[in-house]
Amino acid sequence: MLMLHRRRRAKAANLASRALHGLGRRDKRFSPARLLIRVSAISVHLLSGRARVVSLRAKTYRNIDTEPCSATVVCHVYYPELFDELFEAATRAPFVNRLVITCPHEKYHVVSEKVVTCAKLNPHILLTVEAHENFGRDIVPFLKVLQHPWVQAADLVLKIHSKRSPHLPPGKGEYWRKSLLHGLSPLSESQRERLALVLRSACSKSTPHLIWPARWAYSVESWGSNRATAMGLMRGHRHEARGPVVFPAGSMFWCNRALIVELSGLNTQKGLQRFSTAEPLLDGTLAHGIERFIGLLAIASGRISLTV
């Protein structure tokens with residue numbers, strides 16, 4: 001029995017270690033018994049297996065079970081045929097009771113019909129849909145709804161969108177989307193319970209906290225042509241980049257209210273005018289820069305948590 005327990009711990013440790021592959025450095029203090037890696041302001045939490053995350057950070061999670069916690073989902077739907085998949089993931093996630101759905105103007109009619117149908121079948125969930133220009137793909141619609149009352153009132157925000165990535169080889173974009181959705185809103189009830197512990201911890205913090213699956217934590221090797229943009233945004237927010245560069249590839253993540261406050265500064269007329277419909281789609285856009293900036297900001301002023 002002891003050997004079996006050790007093998008399970010070693011397997012879990014290997015999963016966590018592989019999750020940080022590519023971040024550029026590893027914490028020498030890590031041991032299989034802890035099942036937790038810290039790199040600067042980064043923590044990795046094991047959601048699968050038999051490890052009890054709550055026992056690893058007892059001080060962090062103490063007495064937060066009874067604290068109220070509410071979450072709003074911000075969901076951008078560019079491909080209406082993926083709405084049902086997104087809605088299922090959103091309503092499965094912990095603490096969610098409100099959905100703010102955005103879509104391009106030309107797809108508003110189709111998406112709003114789906115929203116009305118879902119609202120009738122799920123009266124316990126509040127839904128609203130808004131039409132926005134598809135500038136910056138899902139980024140500008142997200143920034144525009146940061147002042148929405150449901151977003152402002154939430155302790156946590158889950159950002160998701162109908163990612164398809166048609167420029168990738170067949171099946172890659174679908175795998176990316178499903179992997180992100182399953183990591184942010186696990187299918188397993190036990191994994192959702194463990195994710196809820198991590199979310200409650202973020203909910204109770206007054207500093208920015210960003211959470212997403214470790215599989216999609218991209219590092220400095222994935223700067224592309226976006227370094228100057230991300231660093232410029234950091235200077236504009238009077239923050240200095242520090243520690244490893246890691247960001248949520250795919251722009252889907254959980255964040256707490258403190259990070260929403262920081263990002264609200266981007267939702268200005270001057271800031272939004274920097275987006276252009278003529279921007280190339282694959283790399284080097286302001287949207288790609290903001291994607292990396294979000295990770296930099298969370299590390300510089302708060303912390304990030306990666307789930308395995």
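**Exercises: a buried serine and a covered strand**

S165 counts as buried because its relative accessibility is 9%, where buried means under 20% relative accessible area with a 1.4 Å probe, protein chains only. A quick note on the setup: this is a predicted model, with local features needing pLDDT of at least 70 and side-chain atom pairs counting only at pLDDT 80 or more, while totals for chains, interfaces and linings use all residues. Residues are numbered from 1 along each chain as its sequence is written, and side-chain values use heavy atoms, leaving out hydrogens and water.

**Exercise 1.** Work out where S165 sits and what S165 touches.

*Solution.*
- Step 1: place S165 in the loop between β6 (156-161) and α8 (172-184); helices (H or I, at least four residues) and strands (E, at least two) are DSSP runs, numbered from the N terminus.
- Step 2: skip residues up to four places away in sequence, and S165 touches G173 and W176, contact being heavy atoms within 4.5 Å.

**Exercise 2.** Find out how covered strand β11 is, face by face.

*Solution.*
- Step 1: β11 spans residues 303-307, and 5 of its 5 residues are buried.
- Step 2: recall that in a regular strand the side chains alternate between the two faces of the sheet.
- Step 3: split β11 by side, with R303, S305 and T307 on one and I304 and L306 on the other, all buried.

**Exercise 3.** Identify how β7 pairs with β11.

*Solution.*
- Step 1: β7 (residues 209-213) and β11 run parallel over 5 bridges; pairing takes at least two DSSP bridges between strands.
- Step 2: pick W212, and its bridge partner in β11 turns out to be L306.

Definitions and conventions: Buried means under 20% relative accessible area, exposed over 50%, partly exposed in between (1.4 Å probe, protein chains only).
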